[in-house]
Amino acid sequence: MSDDPLDDPRVARHLDAVAAALRRQGDEAAAAATLENLRCHIREAVAARAGATDAIADVLAELDAPSSYAGDAPVSPGGRLGWWAFLATLAGPVVGLLAGLAGGQAAWLAFCAIEAAAVAAGIAAHRQPWGRTAICSGLALVLLPLLLAAVFPPH
Amino acid sequence: MSDDSWSIQLRKGLVELGVLAVLRDGETYGYDIVSRLRRVDGMALTESTVYPVLARLEVGGCVQVRSAPSPSGPPRRYFRLTRAGNERLASLTAQWRQVSAGIAGLLAGGQA
């Protein structure tokens, strides 16, 4: 049997629940660091109770509930920025279509400006899933029409 | 807002300052940081409050982390303040002193 308390299924369940709560905070790097800190904490706390009948149960009883990690912890600005960046990539085609009604190159310029801003915001929030999604979708939305224009040149 | 809710919000707002203040005394590990903050009168901080803040400080470059074996148990993650962390501590300390002095003045009366 392993001496590492992290191999205990009760500890694994607790860590899984904390990981799930942290995922809702949106900052993956901070969530990973928090989990690593908690793993070390559990090992340290169990080691401090060496000789107890069920040190792991004692430690788990003292730990905060996993839901505490999903409480009202501040939402990272990056997480919110990533979300807005993704929304901006969706707004690009809408604004482009509306500007297209006016004719000329206004539609394309408006579309490109919005997508560029969205990708820049996505890069600033690249640690968040929505930030990375904004980078990919913004680039794809700009490159797709360029690719189509290259393959099927307008007459 | 109930007294409990106000107290929780106040403590949460002070976690970062507390963590930075503990690290000002020198490099230490997470379990020790939580233990020391838990003993501070009126703070009663626990791991679910301290570790997310410590992680954000790490991601933000305010603390540097290294893993090392402990002399008497499992490996530890040791934290120490970076230059950015020291600057952050100085900034938060100045803000805390300004606000606490202002509130103290209000509570003492005679100030608008």
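In the predicted model, the secondary structure of chain A amounts to 6 helices and 0 strands, and the pattern read along the sequence is accordingly α-α-α-α-α-α. Of the 155 residues in chain A, 38% count as buried. Among the contacts in chain A that have a separation of 6 or more, 62% are accounted for by residues 24 or more positions apart.

Chain A meets chain B in a contact to which chain A gives 23 residues and chain B gives 20 residues. The area buried between the two chains is about 2,000 Å², and carbon and sulfur atoms give 57% of this area. On the side of chain B, Y31(B), E47(B) and V59(B) together supply 30% of the area that chain B buries against chain A, which is more than any other three residues supply.

With regard to polar interactions, the count between chain B and chain A is 1 salt bridge. This salt bridge is formed by E44(A) with R76(B), and the closest N and O atoms of the pair lie 2.7 Å apart. Across the interface of chain B and chain A, 6 residue pairs are found in polar contact, both residues of a pair being at pLDDT 80 or more.

The side of chain B that touches chain A draws at least two residues from each of α1 (3–24), α2 (30–38), α3 (47–59) and β3 (73–81) of chain B. The largest share of this side, 9 residues, comes from α3(B). When the residues of the side of chain B that touches chain A are sorted by character, 11 are nonpolar, 3 are polar and 6 are charged.

Two positions within chain B illustrate its internal packing. V15(B), which is found in helix α1 of chain B, has a relative accessible area of 0% and is therefore buried, since the cut-off for a buried residue is under 20%. Leaving aside residues up to four places away in sequence, V15(B) touches L45(B), T49(B), V50(B) and V53(B). The C-alpha atoms of V15(B) and Y51(B) are separated by 9.9 Å, the two residues being 36 residues apart along the chain.

The second position, T28(B), is found in strand β1 of chain B, which comprises residues 28–29. T28(B) has a relative accessible area of 5% and, because this value is under 20%, counts as buried. The side chain of T28(B) is joined to that of D32(B) by a polar contact of 2.6 Å. When residues up to four places away in sequence are not counted, T28(B) touches V22(B), L23(B), I33(B), R36(B), R77(B), Y78(B) and F79(B).

The cysteines may be considered last. Over all chains, the count of disulfides comes to 0. C62(B) is classed as buried because its relative accessible area of 11% is under 20%. C112(A), by contrast, has a relative accessible area of 21%, a value that lies between the limits of 20% and 50%, and C112(A) is therefore partly exposed.

Methods
Residues are numbered from 1 along each chain as its sequence is written. Chains are lettered from A and ligands numbered from 1 in the order in which they are written. This is a predicted model: local features need pLDDT of at least 70, side-chain atom pairs count only at pLDDT 80 or more; totals for chains, interfaces and linings use all residues. Side-chain values use heavy atoms; hydrogens and water are left out. Contact means heavy atoms within 4.5 Å. Buried area is the accessible area (1.4 Å probe) that two parts lose on being put together, summed over both. A salt bridge is a side-chain nitrogen of Lys or Arg within 4 Å of a carboxyl oxygen of Asp or Glu. A polar contact is a pair of N or O atoms within 3.5 Å; within protein, one must be able to donate a hydrogen and the other to accept it, and residues adjacent in sequence count only if both atoms are side-chain atoms. Helices (H or I, at least four residues) and strands (E, at least two) are DSSP runs, numbered from the N terminus. Ala, Val, Leu, Ile, Met, Phe, Trp, Tyr, Cys and Pro count as nonpolar, Asp, Glu, Lys and Arg as charged, and the others, Gly among them, as polar. A disulfide is a pair of cysteine sulfur atoms within 2.5 Å. Buried means under 20% relative accessible area, exposed over 50%, partly exposed in between (1.4 Å probe, protein chains only).
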